Amino acid sequence: MQPKVGLIGLGLMGSPMGRNLLKAGFPLTVWNRTRAKSEKLAAEGAAIAASPRDVAAASDVLITIVSDPPALEEILWGKEGALSALKKGSVYIDSSTVTPGLARRIAAACAERGADFLDAPVTGGTWGAEKGELVFMMGGEKEVLDRVEPVLQAVGKRFFLLGPNGAGQTVKLAMNMILALEVEALAEGLELVTRSGVPAERLIEVLQSSMGRAPVLDVKAPVIIKRDFTPSFPLRLMHKDMRLALELAKENGVELPAGAAAFAAYSAVKAAAQGDVDYAAIANYWRKN
Ligand code: NA7
(Lines give C-alpha, C1' and ligand atoms only; values in the text may rest on other atoms or scores of the structure.)
Protein backbone atom coordinates (compact mmCIF):
# COMPACT_ATOMS: atom_id res chain seq x y z
CA MET A 1 0.00 0.00 0.00
CA GLN A 2 1.23 3.51 -0.82
CA PRO A 3 2.40 5.45 2.25
CA LYS A 4 0.43 8.56 3.09
CA VAL A 5 2.59 11.59 2.38
CA GLY A 6 2.37 15.03 4.01
CA LEU A 7 3.93 18.17 2.58
CA ILE A 8 4.37 21.48 4.39
CA GLY A 9 5.64 24.48 2.40
CA LEU A 10 4.30 25.08 -1.08
CA GLY A 11 6.70 27.75 -2.33
CA LEU A 12 8.62 27.71 -5.59
CA MET A 13 10.11 24.32 -4.70
CA GLY A 14 7.36 22.69 -2.63
CA SER A 15 4.50 23.19 -5.09
CA PRO A 16 6.09 21.27 -7.99
CA MET A 17 7.26 18.59 -5.54
CA GLY A 18 3.67 18.16 -4.40
CA ARG A 19 2.48 17.95 -7.99
CA ASN A 20 4.97 15.16 -8.71
CA LEU A 21 3.96 13.24 -5.58
CA LEU A 22 0.34 13.37 -6.76
CA LYS A 23 1.32 12.28 -10.28
CA ALA A 24 3.17 9.29 -8.78
CA GLY A 25 -0.08 8.29 -7.04
CA PHE A 26 0.74 9.06 -3.39
CA PRO A 27 -2.15 10.16 -1.19
CA LEU A 28 -1.03 13.69 -0.27
CA THR A 29 -2.03 16.06 2.55
CA VAL A 30 -0.67 19.61 2.40
CA TRP A 31 -0.47 22.77 4.49
CA ASN A 32 0.92 26.16 3.51
CA ARG A 33 0.89 29.42 5.46
CA THR A 34 -0.75 31.15 2.49
CA ARG A 35 -3.79 28.98 1.81
CA ALA A 36 -4.20 29.92 -1.87
CA LYS A 37 -1.14 27.80 -2.75
CA SER A 38 -2.71 24.75 -1.05
CA GLU A 39 -5.89 25.25 -3.02
CA LYS A 40 -4.00 24.96 -6.30
CA LEU A 41 -2.73 21.52 -5.28
CA ALA A 42 -6.13 20.54 -3.88
CA ALA A 43 -7.52 21.07 -7.39
CA GLU A 44 -5.05 18.38 -8.49
CA GLY A 45 -6.04 15.91 -5.77
CA ALA A 46 -4.32 16.91 -2.52
CA ALA A 47 -6.16 17.13 0.80
CA ILE A 48 -5.72 20.39 2.70
CA ALA A 49 -5.01 20.14 6.43
CA ALA A 50 -5.95 22.86 8.89
CA SER A 51 -2.48 23.05 10.48
CA PRO A 52 1.05 21.60 10.31
CA ARG A 53 -0.01 19.40 13.24
CA ASP A 54 -2.84 17.89 11.20
CA VAL A 55 -0.51 17.15 8.29
CA ALA A 56 1.85 15.23 10.59
CA ALA A 57 -1.07 13.34 12.16
CA ALA A 58 -2.18 12.20 8.68
CA SER A 59 1.24 11.15 7.35
CA ASP A 60 3.50 8.11 7.22
CA VAL A 61 6.11 10.24 5.47
CA LEU A 62 6.23 13.97 6.22
CA ILE A 63 8.19 16.37 3.99
CA THR A 64 8.81 20.04 4.80
CA ILE A 65 10.37 22.70 2.59
CA VAL A 66 10.12 26.25 3.95
CA SER A 67 12.31 29.35 3.74
CA ASP A 68 14.70 29.40 6.66
CA PRO A 69 15.33 28.35 10.29
CA PRO A 70 12.65 30.61 11.87
CA ALA A 71 10.02 29.38 9.36
CA LEU A 72 10.94 25.76 10.08
CA GLU A 73 10.89 26.28 13.85
CA GLU A 74 7.47 27.89 13.51
CA ILE A 75 5.92 24.98 11.62
CA LEU A 76 7.53 22.40 13.91
CA TRP A 77 7.32 23.93 17.39
CA GLY A 78 4.88 26.82 16.91
CA LYS A 79 1.18 26.84 17.67
CA GLU A 80 -0.23 23.61 16.16
CA GLY A 81 3.29 22.64 15.11
CA ALA A 82 3.94 19.36 13.31
CA LEU A 83 6.37 17.72 15.74
CA SER A 84 3.84 17.09 18.48
CA ALA A 85 1.75 14.95 16.12
CA LEU A 86 4.41 12.90 14.33
CA LYS A 87 3.32 9.27 14.20
CA LYS A 88 5.47 6.57 15.81
CA GLY A 89 7.31 4.74 13.02
CA SER A 90 6.87 7.59 10.55
CA VAL A 91 9.71 9.28 8.69
CA TYR A 92 10.16 13.02 8.61
CA ILE A 93 12.26 14.52 5.78
CA ASP A 94 13.20 18.22 5.87
CA SER A 95 14.28 19.70 2.54
CA SER A 96 14.57 23.33 3.68
CA THR A 97 18.10 24.71 3.79
CA VAL A 98 18.82 25.37 7.47
CA THR A 99 21.72 24.82 9.88
CA PRO A 100 23.16 21.38 10.71
CA GLY A 101 22.57 22.25 14.39
CA LEU A 102 18.84 22.71 13.81
CA ALA A 103 18.75 19.43 11.86
CA ARG A 104 20.29 17.61 14.84
CA ARG A 105 17.84 19.26 17.24
CA ILE A 106 14.94 18.08 15.06
CA ALA A 107 16.41 14.55 14.86
CA ALA A 108 16.47 14.39 18.67
CA ALA A 109 12.85 15.60 18.90
CA CYS A 110 11.78 12.99 16.32
CA ALA A 111 13.57 10.22 18.21
CA GLU A 112 11.61 11.16 21.36
CA ARG A 113 8.41 10.53 19.41
CA GLY A 114 9.64 7.27 17.87
CA ALA A 115 9.95 8.80 14.40
CA ASP A 116 13.01 8.87 12.12
CA PHE A 117 14.47 12.00 10.59
CA LEU A 118 16.49 12.79 7.47
CA ASP A 119 17.90 16.23 6.77
CA ALA A 120 17.56 16.42 3.03
CA PRO A 121 18.17 19.79 1.39
CA VAL A 122 18.03 19.77 -2.39
CA THR A 123 19.71 21.24 -5.42
CA GLY A 124 18.34 21.55 -8.93
CA GLY A 125 16.19 24.66 -8.56
CA THR A 126 12.63 25.05 -9.73
CA TRP A 127 13.53 23.33 -13.01
CA GLY A 128 14.69 20.21 -11.14
CA ALA A 129 11.62 20.36 -8.88
CA GLU A 130 9.26 20.53 -11.86
CA LYS A 131 10.96 17.64 -13.67
CA GLY A 132 11.11 15.53 -10.48
CA GLU A 133 14.89 15.49 -10.85
CA LEU A 134 16.11 17.09 -7.65
CA VAL A 135 19.41 16.02 -6.13
CA PHE A 136 19.19 15.37 -2.38
CA MET A 137 22.02 15.89 0.13
CA MET A 138 21.10 13.79 3.13
CA GLY A 139 22.03 13.17 6.73
CA GLY A 140 20.67 10.18 8.63
CA GLU A 141 20.52 6.38 8.55
CA LYS A 142 20.70 4.33 5.35
CA GLU A 143 17.91 2.06 6.53
CA VAL A 144 15.61 5.11 6.85
CA LEU A 145 16.54 6.38 3.39
CA ASP A 146 15.82 2.90 1.96
CA ARG A 147 12.33 3.02 3.50
CA VAL A 148 11.40 6.36 1.93
CA GLU A 149 13.28 6.11 -1.36
CA PRO A 150 10.14 5.07 -3.31
CA VAL A 151 8.52 8.35 -2.20
CA LEU A 152 11.62 10.42 -2.92
CA GLN A 153 11.91 8.87 -6.40
CA ALA A 154 8.80 10.88 -7.32
CA VAL A 155 10.63 14.16 -6.72
CA GLY A 156 14.34 13.41 -7.10
CA LYS A 157 16.93 11.53 -9.13
CA ARG A 158 20.03 11.31 -6.89
CA PHE A 159 20.16 10.74 -3.15
CA PHE A 160 23.54 11.30 -1.50
CA LEU A 161 23.69 9.99 2.05
CA LEU A 162 26.56 12.02 3.48
CA GLY A 163 26.75 11.04 7.14
CA PRO A 164 24.69 11.36 10.33
CA ASN A 165 21.94 13.99 10.79
CA GLY A 166 23.30 17.44 9.92
CA ALA A 167 25.66 16.17 7.19
CA GLY A 168 23.16 16.97 4.42
CA GLN A 169 22.84 20.57 5.59
CA THR A 170 26.61 20.92 6.01
CA VAL A 171 27.27 19.88 2.40
CA LYS A 172 24.42 22.05 1.09
CA LEU A 173 25.76 25.16 2.84
CA ALA A 174 29.27 24.52 1.50
CA MET A 175 27.93 23.93 -1.99
CA ASN A 176 25.86 27.09 -2.11
CA MET A 177 28.82 29.08 -0.77
CA ILE A 178 30.85 27.75 -3.72
CA LEU A 179 28.08 28.66 -6.22
CA ALA A 180 27.81 32.16 -4.75
CA LEU A 181 31.57 32.62 -5.07
CA GLU A 182 31.61 31.31 -8.66
CA VAL A 183 28.89 33.70 -9.78
CA GLU A 184 30.47 36.62 -7.89
CA ALA A 185 33.81 35.83 -9.59
CA LEU A 186 32.08 35.73 -12.98
CA ALA A 187 30.47 39.11 -12.34
CA GLU A 188 33.85 40.57 -11.34
CA GLY A 189 35.54 39.22 -14.48
CA LEU A 190 32.76 40.54 -16.72
CA GLU A 191 32.95 43.96 -15.08
CA LEU A 192 36.71 44.01 -15.51
CA VAL A 193 36.67 43.23 -19.23
CA THR A 194 33.75 45.47 -20.16
CA ARG A 195 35.11 48.45 -18.21
CA SER A 196 38.48 47.82 -19.90
CA GLY A 197 36.89 48.07 -23.34
CA VAL A 198 36.38 44.40 -24.33
CA PRO A 199 32.81 43.08 -24.91
CA ALA A 200 31.54 40.64 -22.25
CA GLU A 201 30.86 37.97 -24.90
CA ARG A 202 34.58 37.71 -25.73
CA LEU A 203 35.38 36.65 -22.15
CA ILE A 204 32.55 34.11 -22.18
CA GLU A 205 33.75 32.57 -25.48
CA VAL A 206 37.16 31.96 -23.98
CA LEU A 207 35.78 30.80 -20.64
CA GLN A 208 33.71 28.18 -22.48
CA SER A 209 36.90 26.66 -23.89
CA SER A 210 38.87 26.78 -20.67
CA MET A 211 39.13 24.99 -17.33
CA GLY A 212 37.18 27.92 -15.90
CA ARG A 213 34.05 26.60 -17.58
CA ALA A 214 31.27 25.52 -15.19
CA PRO A 215 27.58 24.78 -15.76
CA VAL A 216 26.56 27.51 -13.30
CA LEU A 217 28.54 30.03 -15.33
CA ASP A 218 26.92 28.76 -18.56
CA VAL A 219 23.53 29.55 -17.02
CA LYS A 220 24.37 32.81 -15.27
CA ALA A 221 26.60 34.49 -17.91
CA PRO A 222 23.70 35.20 -20.33
CA VAL A 223 21.57 36.39 -17.41
CA ILE A 224 24.23 38.90 -16.38
CA ILE A 225 24.90 40.05 -19.94
CA LYS A 226 21.15 40.60 -20.59
CA ARG A 227 20.70 42.00 -17.08
CA ASP A 228 17.49 40.00 -16.68
CA PHE A 229 17.48 39.10 -13.00
CA THR A 230 14.07 37.39 -12.86
CA PRO A 231 14.59 35.03 -9.90
CA SER A 232 15.50 31.44 -10.67
CA PHE A 233 17.29 31.05 -7.33
CA PRO A 234 16.39 34.19 -5.39
CA LEU A 235 19.18 36.36 -3.96
CA ARG A 236 17.32 36.48 -0.61
CA LEU A 237 17.70 32.69 -0.25
CA MET A 238 21.32 32.59 -1.44
CA HIS A 239 22.08 35.40 1.02
CA LYS A 240 20.44 33.35 3.80
CA ASP A 241 22.51 30.28 2.85
CA MET A 242 25.77 32.28 2.89
CA ARG A 243 24.87 33.69 6.30
CA LEU A 244 24.22 30.15 7.60
CA ALA A 245 27.50 28.90 6.07
CA LEU A 246 29.43 31.72 7.80
CA GLU A 247 27.66 30.92 11.09
CA LEU A 248 28.66 27.25 10.73
CA ALA A 249 32.25 28.30 9.95
CA LYS A 250 32.35 30.44 13.09
CA GLU A 251 30.96 27.60 15.20
CA ASN A 252 33.76 25.35 13.96
CA GLY A 253 36.54 27.97 14.07
CA VAL A 254 37.01 27.97 10.28
CA GLU A 255 37.96 31.18 8.48
CA LEU A 256 36.23 31.77 5.15
CA PRO A 257 37.91 34.93 3.85
CA ALA A 258 36.49 34.82 0.31
CA GLY A 259 33.08 33.76 1.58
CA ALA A 260 32.97 36.67 4.03
CA ALA A 261 33.97 39.18 1.34
CA ALA A 262 31.38 37.80 -1.11
CA PHE A 263 28.73 37.90 1.63
CA ALA A 264 29.42 41.62 2.14
CA ALA A 265 29.01 42.23 -1.61
CA TYR A 266 25.77 40.18 -1.81
CA SER A 267 24.48 42.02 1.27
CA ALA A 268 25.04 45.41 -0.40
CA VAL A 269 23.19 44.27 -3.54
CA LYS A 270 20.35 42.77 -1.50
CA ALA A 271 19.92 46.00 0.47
CA ALA A 272 19.69 48.02 -2.75
CA ALA A 273 17.49 45.53 -4.67
CA GLN A 274 13.96 46.45 -5.53
CA GLY A 275 11.79 43.34 -5.27
CA ASP A 276 12.85 39.73 -5.67
CA VAL A 277 15.89 39.19 -7.92
CA ASP A 278 18.09 36.26 -8.84
CA TYR A 279 21.44 35.96 -7.05
CA ALA A 280 23.13 36.72 -10.40
CA ALA A 281 22.09 40.30 -9.58
CA ILE A 282 25.42 40.38 -7.71
CA ALA A 283 26.43 42.01 -11.04
CA ASN A 284 24.51 45.09 -9.80
CA TYR A 285 27.22 45.61 -7.18
CA TRP A 286 28.97 47.97 -9.56
CA ARG A 287 25.71 49.80 -10.35
CA LYS A 288 24.79 50.53 -6.76
CA ASN A 289 28.06 51.49 -5.06
P1 NA7 B 1 9.86 30.20 -1.38
O2 NA7 B 1 9.28 30.10 -2.74
O3 NA7 B 1 10.25 31.52 -0.84
O4 NA7 B 1 8.84 29.48 -0.37
C5 NA7 B 1 9.02 29.55 1.01
C6 NA7 B 1 7.99 28.70 1.72
O7 NA7 B 1 8.18 28.83 3.15
C8 NA7 B 1 6.54 29.11 1.44
O9 NA7 B 1 5.73 27.97 1.47
C10 NA7 B 1 6.26 30.02 2.63
O11 NA7 B 1 4.89 30.18 2.90
C12 NA7 B 1 6.94 29.26 3.73
N13 NA7 B 1 7.19 30.09 4.92
C14 NA7 B 1 8.02 31.16 5.03
N15 NA7 B 1 7.98 31.67 6.28
C16 NA7 B 1 7.09 30.90 6.98
C17 NA7 B 1 6.64 30.91 8.32
N18 NA7 B 1 7.08 31.80 9.21
N19 NA7 B 1 5.73 29.97 8.68
C20 NA7 B 1 5.29 29.05 7.80
N21 NA7 B 1 5.69 28.99 6.52
C22 NA7 B 1 6.60 29.90 6.10
O23 NA7 B 1 11.17 29.30 -1.23
P24 NA7 B 1 11.61 28.02 -2.10
O25 NA7 B 1 10.44 27.10 -2.25
O26 NA7 B 1 12.34 28.47 -3.31
O27 NA7 B 1 12.71 27.38 -1.12
C28 NA7 B 1 12.35 26.65 0.02
C29 NA7 B 1 13.60 26.12 0.71
O30 NA7 B 1 14.38 25.29 -0.17
C31 NA7 B 1 14.56 27.20 1.20
O32 NA7 B 1 15.15 26.80 2.41
C33 NA7 B 1 15.59 27.27 0.09
O34 NA7 B 1 16.81 27.83 0.55
C35 NA7 B 1 15.68 25.87 -0.40
P36 NA7 B 1 4.02 31.32 2.13
O37 NA7 B 1 3.61 30.69 0.83
O38 NA7 B 1 4.95 32.51 1.93
O39 NA7 B 1 2.90 31.62 3.04
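The shell around the ligand draws on both domain 1 (5–163) and domain 2 (169–286), with at least three residues from each. The domain bounds come from an automatic or database domain assignment. The model is predicted: local features need pLDDT of at least 70, side-chain atom pairs count only at pLDDT 80 or more, and totals for chains, interfaces and linings use all residues. Residues are numbered from 1 along each chain as its sequence is written, and side-chain values use heavy atoms, with hydrogens and water left out.

There are 22 residues around the ligand, each with a heavy atom within 4 Å of it. Leu-12, Asn-32, Thr-34, Lys-37 and Ser-67 come nearest. By class, the shell has 8 nonpolar, 8 polar and 6 charged residues. Gly counts as polar here, and Asp, Glu, Lys and Arg as charged.

Three polar contacts (pairs of N or O atoms within 3.5 Å) involve oxygen atoms of the ligand. A polar side-chain atom of Arg-33 lies 2.9 Å from one ligand oxygen. Backbone N or O atoms provide the contacts of Thr-97, at 2.9 Å, and of Gly-11, at 3.4 Å. Taken alone, the ligand exposes 790 Å², of which the protein buries 88%. Areas follow the Shrake-Rupley method with a 1.4 Å probe.

Two helices, α4 (69–77) and α11 (235–251), each give two or more residues to the shell. Helices are DSSP runs (H or I, at least four residues), numbered from the N terminus. The largest share, 4 residues, comes from α11.

Note on methods: A polar contact is a pair of N or O atoms within 3.5 Å; within protein, one must be able to donate a hydrogen and the other to accept it, and residues adjacent in sequence count only if both atoms are side-chain atoms.
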